[in-house]
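Q: Could you take a close look at one part for me, the place where protein and DNA meet? I would be glad of a connected walk through it.

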Number of protein chains: 2
Amino acid sequence: MPSDRDEMPARPTISEVAAEAGVGRATAARTLGGYGYVSPEMRERVLAAADKLGYRANALARSMSTGVSHTLGVILADIGNPFFAGVMRGISDTSRARGFDTIVLSTYEDLDEEIAAVNVLIDKRVDGVIVASTAVGPGEVAHIRAAVDRGVPVVLVDRAVASLDLDAVVIDNRDAAREAVETLIAAGHRRIGFVWGPPAAQVPATRRELLAEASRNLWTDGERLRGYLDALDDARIPFDPDLVMVGRKTEERVTQEVARMLALPDRMTALFCTETEAVTGALRALRAAGLAYPHDVALIGFDDSAWAAVMDPPLTMIEQPVHRLGAKAAEVLLDTIGGAEPRREMHTLRSRLVMRSSVAPPAS
Amino acid sequence: MPSDRDEMPARPTISEVAAEAGVGRATAARTLGGYGYVSPEMRERVLAAADKLGYRANALARSMSTGVSHTLGVILADIGNPFFAGVMRGISDTSRARGFDTIVLSTYEDLDEEIAAVNVLIDKRVDGVIVASTAVGPGEVAHIRAAVDRGVPVVLVDRAVASLDLDAVVIDNRDAAREAVETLIAAGHRRIGFVWGPPAAQVPATRRELLAEASRNLWTDGERLRGYLDALDDARIPFDPDLVMVGRKTEERVTQEVARMLALPDRMTALFCTETEAVTGALRALRAAGLAYPHDVALIGFDDSAWAAVMDPPLTMIEQPVHRLGAKAAEVLLDTIGGAEPRREMHTLRSRLVMRSSVAPPAS
DNA sequence: CTGTTAGCGCATTCAT
DNA sequence: ATGAATGCGCTAACAG
């Protein structure tokens with residue numbers, strides 16, 4: 001071990017800087033903390049001493065006495081998902097611009113992880129938290145409510161939670177889904193598959209039951225389902241439970257389910273995917289069945305990407321304003337931390353359907 | 001504002017719990033902190049009081065007096081890159097399993113951001129840091145060296161830094177690149193393009209200069225270049241500067257450069273991409289030129305993905321053990337935090353070439 | 001086994 | 001304008 005004989009302390013404190021500068025601690029604290037009055041001369045000496053010792057303020061100690069940490073906590077469902085990675089960048093860009101650090105935790109869609117994450121953030125005394133919650137029912141939000149009750153500002157991003165009256169920054173999921181399905185319908189399709197992911201073991205047979213199920217689901221999924229149904233209704237196309245997938249939207253499950261829909265006697269001719277892995281899963285199923293898009297089945301999916309654009313043919317996809325979503329969430333949170341009264345409302349951003357070449361009329 | 005009349009403090013402290021339980025602070029601290037001896041009865045009372053008040057330890061105060069935070073700092077070049085997102089998951093999974101939280105910062109390949117990130121982490125008193133550094137030369141590592149000097153354990157991940165003698169967890173970049181290029185050569189190719197990204201304005205004309213340039217570059221890029229050259233050498237194929245791209249590997253630049261290589265009189269027949277955006281960029285160029293893979297040009301790229309598998313034809317790609325990379329880095333770091341003497345060595349993990357259908361013999 | 005006491009590093013009155 | 005004294009919530013000797 002070199003370099004730790006008797007040089008200078010690895011982490012000089014403010015007292016050591018004060019001693020080195022030959023002033024009182026308070027004076028050193030004032031200049032280093034940037035508050036209160038300090039004469040130019042003293043100031044110079046303190047700065048020089050601090051520089052010489054390589055002083056860095058201990059953020060913990062500082063938060064300890066001020067009560068604020070200038071840190072935002074962020075809880076995302078899956079940081080490995082490019083969608084959330086983009087949202088994160090929006091959050092981190094705007095919070096950094098306003099002098100805040102961010103600490104990110106990924107729950108991987110596990111509620112227990114989310115609860116643990118909230119606790120970690122509260123324990124670390126973050127000034128506020130942004131969360132894309134995996135909670136669905138009123139019975140799963142106790143941890144968020146607890147945070148709010150403890151006085152921690154919380155804003156929801158991507159997924160609103162019905163039973164929580166908080167600011168939420170989301171996109172127009174229902175409209176986006178409707179537009180996509182309408183596009184399919186306009187191309188002449190009537191047998192339109194829907195890759196959805198209710199945890200239920202089987203698809204409810206009736207619309208009514210399905211809608212009920214939707215409310216017990218992730219908000220985004222519920223909205224997208226409603227949009228799908230809206231489009232069907234407007235075109236007077238009856239809802240067919242066989243055309244909606246059930247179970248978690250893993251690529252494998254999607255492949256299976258799409259294969260099933262493809263094998264239906266009255267085969268589907270178009271497919272709408274609510275997630276990016278759903279698209280790759282569907283593509284696998286198509287290939288396995290020896291089918292090609294858009295000829296055999298038209299395709300539209302959520303979440304645009306570089307890949308979608310270079311596929312052959314290129315995929316028509318819904319592009320979400322990921323960066324803006326994160327930036328807006330951070331702005332709202334930062335504002336309420338700054339003292340603004342929370343408006344507790346839904347901030348809805350617009351998505352965009354990027355037309356490319358995965359939609360064609362049914363082969364007939 | 002409901003719920004804050006005169007109920008209980010939003011954030012009860014250990015003293016309040018002690019008071020509520022009618023015991024001394026130390027006793028409360030001992031049971032809540034899980035150390036020292038406490039009789040079962042006292043213990044019960046404290047626990048009950050804590051539960052009643054909804055007590056949660058203040059992690060800041062705790063770190064303050066113990067000097068440890070049970071938190072790992074992670075600095076990644078770009079959390080939006082699925083590669084790093086995967087690495088992050090490896091890190092977070094294993095550190096959580098060992099009782100550590102992680103705080104992630106993304107530098108987006110900016111050295112100043114990286115320096116700021118190191119400072120943030122040190123200020124927050126993390127117990128160790130994992131970094132995928134964008135630093136290339138000895139002149140750009142002062143911040144990392146400073147951290148080490150302050151006694152903070154540091155382990156490098158993905159990118160080793162020549163001038164830093166630290167533990168580094170990486171993959172066999174040179175071998176991986178060589179194997180890929182060898183595969184191309186074995187298929188009969190001799191005009192093999194290489195999407196590389198030296199910041200230099202133009203490609204050095206000679207091998208010697210190129211290699212020199214490599215050392216002034218990101219370590220991974222240097223290694224991959226060496227692998228490319230290794231394969232060429234073994235097959236006695238002369239190096240042609242026209243076949244290597246220069247400049248940052250953004251999708252746009254790649255598209256331009258690949259188009260250039262495609263327009264060469266003695267056209268390239270195969271392409272090796274060292275990055276995932278390079279692949280999409282190349283694909284765009286191919287389409288624009290009205291060319292198809294693998295017929296007109298064979299293709300191999302770094303970083304496998306779900307998309308690569310569903311492309312038509314599916315892409316032959318190098319798969320990196322992303323999760324393992326992160327897990328191993330966390331293990332090494334946690335071990336040295338735990339007191340193990342750092343071995344300061346390179347931990348090399350094996351990548352894997354996933355053969356699919358983007359390589360075929362040259363059209364001739 | 002339990003309670004008292006003294007810091008951790010900083011911000012912040014309060015006198016001077 | 002500056003310095004001495006307190007407190008943030010917790011851990012850790014230390015005594016009882």
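A: Happy to; what follows goes through the two DNA strands in turn and then turns to helix packing in chain A.

A word on conventions: residues are numbered from 1 along each chain as its sequence is written, and chains are lettered from A and ligands numbered from 1 in the order in which they are written. This is a predicted model, where local features need pLDDT of at least 70, side-chain atom pairs count only at pLDDT 80 or more, and totals for chains, interfaces and linings use all residues, while side-chain values use heavy atoms, with hydrogens and water left out.

Let us begin with DNA strand D. There are 23 residues around this strand, and those that come nearest are Thr27(A), Ser39(A), Ile14(B), Tyr55(B) and Arg62(B); a residue is near a strand if one of its heavy atoms lies within 4 Å of it. Of the strand D atoms within 4 Å of the protein, 70% belong to sugar or phosphate and the rest to bases.

Some of this can be followed atom by atom through polar contacts (pairs of N or O atoms within 3.5 Å; within protein, one must be able to donate a hydrogen and the other to accept it, and residues adjacent in sequence count only if both atoms are side-chain atoms). A side-chain N or O atom of Thr27(A) is 2.4 Å from a phosphate oxygen of strand D. Ile14(B) uses a backbone N or O atom, which lies 2.4 Å from a phosphate oxygen of strand D. Ser65(B) has a side-chain N or O atom 2.8 Å from a sugar or linking oxygen of strand D.

In terms of helices (DSSP runs of H or I, at least four residues, numbered from the N terminus), α2 (25-33) and α4 (59-66) of chain A and α4 (59-66) of chain B each supply at least two residues of the surface near strand D. α4(B) gives the most, with 5 residues. By class, this surface has 13 nonpolar, 8 polar and 2 charged residues, where Ala, Val, Leu, Ile, Met, Phe, Trp, Tyr, Cys and Pro count as nonpolar, Asp, Glu, Lys and Arg as charged, and the others, Gly among them, as polar.

Now for DNA strand C. Of the 23 residues around strand C, Ile14(A), Tyr55(A), Arg62(A), Thr27(B) and Ser39(B) come nearest. Sugar or phosphate accounts for 64% of the strand C atoms within 4 Å of the protein, and bases for the rest. A backbone N or O atom of Ile14(A) lies 2.4 Å from a phosphate oxygen of strand C, and a side-chain N or O atom of Ser39(B) is 2.3 Å from a phosphate oxygen of strand C. A base nitrogen of strand C lies 3.5 Å from a backbone N or O atom of Ala61(A). Two or more residues of the surface near strand C come from each of α4 of chain A, and α2 (25-33) and α4 of chain B. Here α4(A) gives the most, with 5 residues. The surface near strand C divides into 13 nonpolar, 8 polar and 2 charged residues.

Finally, a look at helix packing in chain A. Helices α6 (residues 111-123) and α7 (residues 142-149) of chain A pack at about 15 degrees, with their axes 9 Å apart; axes are lines fitted to C-alpha atoms, for helices over the stretch in contact, and angles run from 0 to 180 degrees between N-to-C directions. α6(A) and α7(A) are therefore roughly parallel to each other, the term for angles under 35 degrees.

Key. Angles under 35 degrees count as roughly parallel, over 145 as roughly antiparallel, 65 to 115 as roughly perpendicular and the rest as oblique.
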